Amino acid sequence: MSLDVSAPRKPPSARTILLILGALTLLVMIGFMTIGANGRWDFVLPFRGAKLAAIVLVAYAVAVSTILFQTVTNNRILTPSIMGFDALYILIQTVMVFVLGANRVLVIDPRWLFLGEVVVMVVFSGILYRWIFAGERRSLHLLLLVGVVFGILFRSITSFLQRIIDPNEFLVLQDRMFASFNSADANLLAVSAVLIGLASLAGWRILHTLDVLALGRDTAINLGVDHRRTVSIILVIVAVLVSVSTALVGPVTFFGLLVASLAYQLIPSHQHRLILPAAVCLAILCVVGGQLVLERVFGFNSALSIIIEFVGGLVFLTLLLRGATR
Amino acid sequence: MIEINDVQKAYGDAIVVKGVSLALPKGGITSIIGPNGAGKSTLLSMISRLLPMDRGRVLVDGLDVTTTKSDVLAKRLSILRQDNHMTARLTVRDLVAFGRYPYSHDRPTVEDRAHVEKALGFLDLEPLADRFLDELSGGQRQRAFVAMVLCQDTDYALFDEPLNNLDMRHASAMMRLLRRAADEFGKTVVLVLHDINFASCYSDHIVAMRAGEVAFQGTPEAVMRKEVLTGIFETEIDIHDIEDRRIAVFY
C-alpha cells in the first residue's frame, strides 16, 4: 500500500534492493538449471525444471505464509510452523492413512487426496487458530506456549497412531514425512501451483489491508478494517500455503522465520508489496542457491534442510534473546 | 451524540461495566474520570467497537457500533488507546498518513497529503516527520499517534489517557490542541483522564465512574466539589478556586 507521502526519500532504496534480489534470484535459478549439466539437455531441463518448480512453490508458500501470519499476530517471532500448523497437516495425513488404510490411500488419485487433506486442514486450523488470534490481543509468551503445546500434541498423536498402524502402511506415511527439497512430489506440482495461485489471488485483494493490520488490532479496527473477517481470510490462506509446502517437501520449522527476518532487515519499508516479494526471493535464493552450492560444488546430498533449519533456529534464538518478544 | 444504553461487560465473574446508560453530547470535550478499575477504558473500548459488549448497545449519531460496518464508522469515530504496540517499522509521516486510510485506502490524494501535513504541523511533529517511531521517546510517539487520529478527521475522537508519557508542557499543549479541535473544527472529543485537574480546566462535561457505574456527571463546576470527588476516589480531596479554575488538591 502506498500511503507513503515521502515519495522522494525511501522507496527508491527499497525498490533497488528488491530489484537486486530479483536479479540474484534469477541468476541462481539459471545457474541451477545449467551448471554441471553433462547430459542431454532434453533430459536435464525437464528433470531439473520440475525440481526447481517444486522449490519455487515451496519457497513462495513458506515465505508468504510466514509473513502473513506474523502480520496477523503482530509479532516477528511466531511462524505457522512454530504454532504447529505443519504438525497438524501431518496429523491429518496420518489419520487419513489410519482410517482409510494405506491400500485405499494408494489407490486414490494423490491429487484428490491432497485436495481433501487441504480442505480438512483449512477447516481445522481455521477453527483452532481463529479462536486464538481473532479476539483480544494475547501475550506473545502465551501464544508461544500454546504453539509448543499444540505442536507436541499433534506430533504425539501422530506418532501414537504410527505406532499402532500396520508396518506396511507406516512405510507409505514415512515416505512423506521427511523434509527434503530433492524428493518433492512431482505429482502434486500442478495442484499445488493452482492452490497457491488461488490463495495468492485472495491475498492480492486484501494486500492493502495487510499494512494496516501490521499496526495492531486496535489501530486496524479504528481505521475501519473488519478485523475478524480479515484475520480469518488470512488464516485460511496461511493454512492452504502451509499444506502445500508440507505436502511437497515435509515440515520445515525455522525456514520461514529465517527468510521473513532477513526480509524485514533488508527492506526499509513497512509495505507488504515490497516485503513479500523480497521474502519470496530470499527463500528461493536460500534453497536454490544452497542446493546449487551443496550439490554441484561440494557434492553433498540432501543436507540442505538441516543447514537451513540450523541457521533458522539460531535466528529464532537470537530474536528471543534480543527481546523482540514484547 | 453518543447514546450508551444499558451497556455491560464482565470478565469471568467480575463485572467491570455494570449496565451503564449515558448520553454524551455532541461537540465539546467530555472527560471520563474515576479511580483505577472503574471501567473507564472498558467503556471507551466498547463505544469504539474495540471490545464486544455483553449486553446493551451504543449508538453514534444513530449508528449502532456493533452492526454498522467498520469502514463506515471509521469515518465518523476514531479511537486511540493507551499502549500502541506495533512491529512494523514506520516513520512518523507514514503513521500519520494511515489516518487517511478510511477515505482513500492505498491511493492517497493531494487532499490526503494536505491533511497529513496539517496534522503533523498541528502537533509540532514536522522536525520528527521522517524519524522512525522506534527512535522516538514515549511522548513523541504518543503525539504521533494523536496526529494520526486527528488526520482521520472524524466527528468523534476518543482518547484513552492521551496525556500518558507527556511532560507538563506537552500535556497542556495536547489539551489546548484538543480544545481547539473542539472549538474551531466542531469535533466531539471524549477522553479518559487520570488527572482530574486537566479534566476540570479543559472539559465541558465530566463523567465520573466508580466500580463500573456512572457515579456522577455534569459540568466541571458541578463535579469538582469536595463531597463529590471524595466519594468517588475514596480519598480526601480539597478543592481550591485558583484564577477561575477549580483545582483539586490531594497530596
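A residue is called buried when its relative accessible area is under 20%. With that in hand, the predicted model can be explored one chain at a time, starting with chain A.

Of the 326 residues in chain A, 56% are buried. The chain is built from 14 helices, and its strand count is zero. Reading from the N terminus, one therefore meets α after α, with the pattern α-α-α-α-α-α-α-α-α-α-α-α-α-α. What do the contacts of this chain say about its fold? Among the contacts in chain A with a separation of 6 or more, 80% join residues that are 24 or more positions apart. The chain also has a surface to consider: chain A exposes about 14300 Å², and carbon and sulfur atoms supply 70% of that area.

A single residue helps to bring this picture to life. A:V288 belongs to helix α13 of chain A, which covers residues 272-298. Is A:V288 buried or exposed? Its relative accessible area is 0%, and the cut-off for a buried residue is under 20%, so A:V288 counts as buried. Which residues does A:V288 touch, once its neighbours within four places in sequence are set aside? The partners are A:V28, A:M29, A:F32, A:L52 and A:I55. A further pairing shows how sequence and space can part ways: A:V288 and A:L21 are 267 residues apart in sequence, while their C-alpha atoms are 13 Å apart in space.

Chain B can be followed through its domains. UniProt, in an unreviewed entry, places the feature "domain: ABC transporter" at residues 2-236 of this chain. Over that stretch, chain B is 37% helix and 26% strand, and the C-alpha atoms at the two ends lie 33 Å apart. A domain assignment divides chain B into domain 1 (1-76 + 155-164 + 186-251) and domain 2 (84-153).

How do the two domains of chain B meet? Their C-alpha centres are 26 Å apart. At the meeting point, nine residues of domain 1 are in contact with seven residues of domain 2. The size of an interface is often given as the accessible area lost when the parts come together. Between domain 1 and domain 2 of chain B, the buried area is about 690 Å², with 56% of it from carbon and sulfur atoms. On the domain 1 side, B:A74, B:K75 and B:F159 supply 57% of the area buried against domain 2, more than any other three residues. The two domains are also linked by one salt bridge. In a salt bridge of chain B, the side chains of B:K187 and B:D153 meet at 2.7 Å, N to O.

How values were computed. Residues numbered from 1 in each chain as written. Chains lettered and ligands numbered in written order. Heavy atoms only, no water. UniProt positions renumbered as here; feature names shortened; annotations may be inferred. Helix = DSSP H or I, 4+ residues; strand = E, 2+ residues; numbered from the N terminus. Buried < 20%, exposed > 50% of the residue type's maximum accessible area, 1.4 Å probe, protein only. Contact = heavy atoms within 4.5 Å. Areas by Shrake-Rupley, 256 points an atom, 1.4 Å probe, with all protein chains shown as cover. Domains from an automatic or database assignment. Buried area = accessible area lost by both parts, 1.4 Å probe. Salt bridge = Lys/Arg side-chain N within 4 Å of Asp/Glu carboxyl O.
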